Each structure stands twice: as C-alpha cells, then as structure tokens.
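Q: I should like to learn how to read the features of a protein model. May we work through one together?

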Amino acid sequence: MDVKLVFMAVLLFRSTTSSAAEDYVRPRPREDLSLPWKPRHPSEPHQVHISLAGHKHMRITWVTDDESSPSIVNYGTSPGQYASSSEGESTSYNYLFYNSGKIHHVVIGPLEDDTIYFYCCGGSSLEFSLKTPPSQFPITFAVVGDLGQTGWTSSTLEHIGQCKYDVHMLPGDLSYANYVQHLWDTFGELVQPLASARPWMVTEGNHERESIPLLKSGFQAYNARWKMPFEESGSPSNLYYSFEVAGVHIIMLGSYTDYGEDSEQYNWLKADLSKVDRQRTPWLLVSLHVPWHNSNFAHQGEGDDMMATMEPLLYASGVDILIAGHVHAYERSVRIKNGRVDPCGIVHITIGDGGNREGLAHRYHQPKPEWSAFREASFGHGELEIVNSTHAYWGWHRNDDDEPVKSDSVWINSLVSSGCVASGKLL
C-alpha cells in the first residue's frame, strides 16, 4: 500500500465532503500566522503548557528535541529558588513521515491555592511562572473554542491575556493541524505565553481526530500532547474527564467517542455525576465540542444523538451551563430542556469563534427561536466569573477592530439557589 496515496485520498475526501456540507457564506479570513523558527538548544523546553491534575496538583507539559532530556520540574514560590522537585513521564509519536519531539508530562504538588510559583523544566535555566486557582469564590474562567492559528487567533489570545482569569477552558479544535503535524508544534509555541501561566483545560474536537483508515485510529497527536486529568477523575479515556476547582465541578465530554447508553463514556458520566456534592461544588458545568442547541445553519443537528442520550442525565443532575464550540459563531440560550424553555434547564453557550482559518458561520435560522437569547457571527472570547455559590456573571467579547468589545453579558443564578436541585449528592 502506498502510504502517501492513502494520505492524499483521505485529505481529498475530507475537503470535498466538508465543502459540500457548509452552505453558509464565509468572510475573507485572516491569513495563517507565520511563526519563524528560532534556533534553540536541543534540551530547551518549548510548547510549555499546564493543566490541573487533581486536588492541589498541576501537570506541566513541554517538548524537547533532545531525547535524553529528563522529565523533571523544579519549582518554588520565589524566582530562581526551587525548594521542590518532581519527576514524571515522557512520550513521543510518529505520524507518517513526522517524528515528534520528546513530550514530557510532570505532575507537581501539593500546591498552595491562589499562589504564584516559578518553575524550570528538564533542568533548563529557562524560568516560567504560573498561578494556581483559588480554593473559594470568586473564580474566573476564560472560554474560547476553535482557535486555530490566524491573525484572528492572535487577537483573541491577546484579549484573553488582558483579562484576569484563573483557568482557561477550550471546548475542542485547538491547532487545526489537519494531519500536518508540525502545525501542532507551531500551535504549542503560539499559546505558550498564556498556557504556561494558567491551566488550560481542553476537550477534543473534530479537527483533533486526524484518523487515516487502516493506518491511524485518531487523536494520536492530541492524546500525546494534551494529557488531561482523566486518570485522576476515574475516566478510562483522555477524551473525557472531570475536575473540580473552587466550588465548581466541571465535566469535559467527548463528542467524537462513543456516548451511547452502553458506552464507557456514558457509564463514566453517570458515575461521575453521582459523586457530585452540591454543598461542596454548588456549580455544575459541562463542556464538549458539538453544540446540542444551535440556531445557526452550520452543523445543524449534529449533536442531536448525543443530546438525546445524555441530556436526561445532565438535567436530572442540575447542570447549570453547557459550553460548546464547533459552530464558528456565538450563541447563548436561556435555560432550556429538549429545545424548550425550562426554568430548571441548562444555559447553552456556543463559542466556536476563536479565530480559525475557516472563517465565520454567518447564516442563522429565522425567526430566532424562543430559547435563543443572543447570537452573533463574530470572532471573540468569553469570560465566566463564578462570583459566589448563587450568582455567576457571563460576558462575551467581540473582536471588533482588534479591540475586545463586550457585546453580550448576563447574570446567571445557580440551579441550587433557584430550588431546582437539592444540595448534597444527586442521582
């Protein structure tokens, strides 16, 4: 079998099928970023990013070109002074003609809450700093999906860097490498200034699949580079997991792995929800890639099957907010269940407008559905501040002429405070 011919055939198939399905008019997108290669020592850490890894622990991930570089992190609360050290693991992968660098994953901790730490990776003298999230309200999340690597992406990241947030949430479609593996490397370099300083909690999108029939099963680069706390949350797969921070329990679901009632993901979700204690975590959030409620022409109905299977579980558990990507536009709903307004339902937010090369999804169904509170086809990002156990403030910032213009905002009451769910364990 000619591997190159198979690879080209897969790309041609993806190109023709995707263009046929997208009947909305795209604007002229900004060009892809051209990130110049910078000479560096083979053991110098690059593509550094961090993520939460269980209670009071953080996972540090980076890449080196030197396979002998150790997977070790030295860290402390003062610059240049590292009282603690942790060792971890490393991996690498091959993708057709591409060979990745050595990908390191090291968990550090226990760490103090709401504290700045300084750290060095792999014995390098290059110092980074991070801030751990608070253990109590208020806590702020930066939210954006479908990032890519364009001029719009650069604007979005710049705007996120201007806000004060504790955790970054990304509901899928990170690098838009689309089989071209070195674009995973440039994406890692692009986001490093932000991703090395605050935890990035991500889930997979369709552009992370990169599967090739008979050759690659999918998600190889994503799983190797972006290890999330699936083991810490009892999940059997890196494609879905949960974590807790301050008074919030967050579940990251996988739109592109089995979710039927007999699937591992469904059974894990049911078990995870049964452990949620609304006295300790009064807020319950879910994030995934494909939206369940969407009034845009783009990707219409793609989340229906998953919604039919899992929405009853989420509704019974009193999920407050569900955040999705995929559709390259912004939309916020009122509380809904099964497409109808319900005061005890879920607030759905679609925010697949980070800045990818494919452009925006301009066409919406008319008239606007009763459940849709706000919608707009613009690039931007969201900020979710959980102020206390009863109130949260959501704001969406449009990238208008390179300035973060707040275009939509709303106060959200928790379902616990609304009397829709009882405190304590559910299910």
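Q: Is Pro-110 buried or exposed?

A: Please note at the outset that this is a predicted model. Exposure is judged by relative accessible area, and a residue over 50% counts as exposed. Pro-110 has 62% relative accessibility, so Pro-110 counts as exposed.

Q: Where is Pro-110 found, and with which residues is Pro-110 in contact beyond its neighbours within four places in sequence?

A: Pro-110 belongs to the loop between β8 (102-108) and β9 (116-121). Once the neighbours within four places in sequence are set aside, Pro-110 is in contact with Lys-56 and His-57. Separation in sequence and separation in space are two distinct readings: Pro-110 and Gly-54 are 56 residues apart in sequence, and their C-alpha atoms are 9.5 Å apart in space.

Q: How do strands of a sheet pair?

A: Strands of a sheet pair through backbone hydrogen bonds, and the pairing is either parallel or antiparallel. In this model, β3 (residues 72-76) runs antiparallel to β4 (residues 84-87), and 4 bridges join the two. Within that pair, Val-73 stands opposite Ser-86. Strand β3 is also joined to β9 by 4 bridges, again antiparallel, and Tyr-75 has Tyr-119 in β9 as its bridge partner.

Q: In what order do the strands of the open sheet stand?

A: The open sheet has 6 strands, in the order β13-β12-β11-β22-β23-β24, with mixed pairing. At its edges stand β13 (200-202) and β24 (403-413); each has a single partner strand, so one side of each is left without a neighbour in the sheet. From one strand to the next, the twist averages 20°.

Q: How many bridges join β11 to β22?

A: There are 5 bridges between β11 (residues 139-143) and β22 (residues 380-386), and these strands run antiparallel. Phe-141 stands opposite Leu-384 in β22.

Q: Which residues of helix α5 are buried?

A: A residue counts as buried when its relative accessible area is under 20%. In α5 (residues 264-274), the buried residues are Gln-265, Tyr-266, Trp-268, Leu-269, Asp-272 and Leu-273. They cover an arc of only 165° around the axis, and therefore lie on the same side of α5.

Q: Against which elements do the buried residues of α5 pack?

A: The buried residues of α5 pack against three strands and a helix, namely β14 (241-245), β15 (248-252), β16 (283-287) and α6 (304-317).

Q: Which cysteines form a disulfide?

A: A disulfide is recognised by the distance between two cysteine sulfur atoms, which must be within 2.5 Å. By this rule the model has 1 disulfide, formed by Cys-344 and Cys-420, whose sulfur atoms are 2.1 Å apart. The angle about the S-S bond is -75°, and the link is left-handed.

Q: Which parts does the pair of Cys-344 and Cys-420 tie together?

A: Cys-344 lies in the loop between β19 (340-341) and β20 (346-351), whereas Cys-420 lies in the segment after β24, so the pair ties together parts that are 76 residues apart in sequence. Cys-344 is partly exposed, at 25% relative accessibility. Cys-420 is likewise partly exposed, at 25%.

Q: How far from Cys-120 is the nearest cysteine sulfur?

A: The nearest is the sulfur of Cys-121, 7.3 Å away, and Cys-120 is in no disulfide. Cys-120 is buried, with a relative accessible area of 4%. Cys-163 also counts as buried, at 12% relative accessibility.

Key
Residues numbered from 1 in each chain as written. Predicted model: local features only at pLDDT ≥ 70, side-chain atom pairs only at ≥ 80, totals over all residues. Heavy atoms only, no water. Pairing = 2+ DSSP bridges. Axes fitted to C-alpha atoms, helices over the stretch in contact; angles between N-to-C directions. Buried < 20%, exposed > 50% of the residue type's maximum accessible area, 1.4 Å probe, protein only. Contact = heavy atoms within 4.5 Å. Arc of directions from axis to C-beta.
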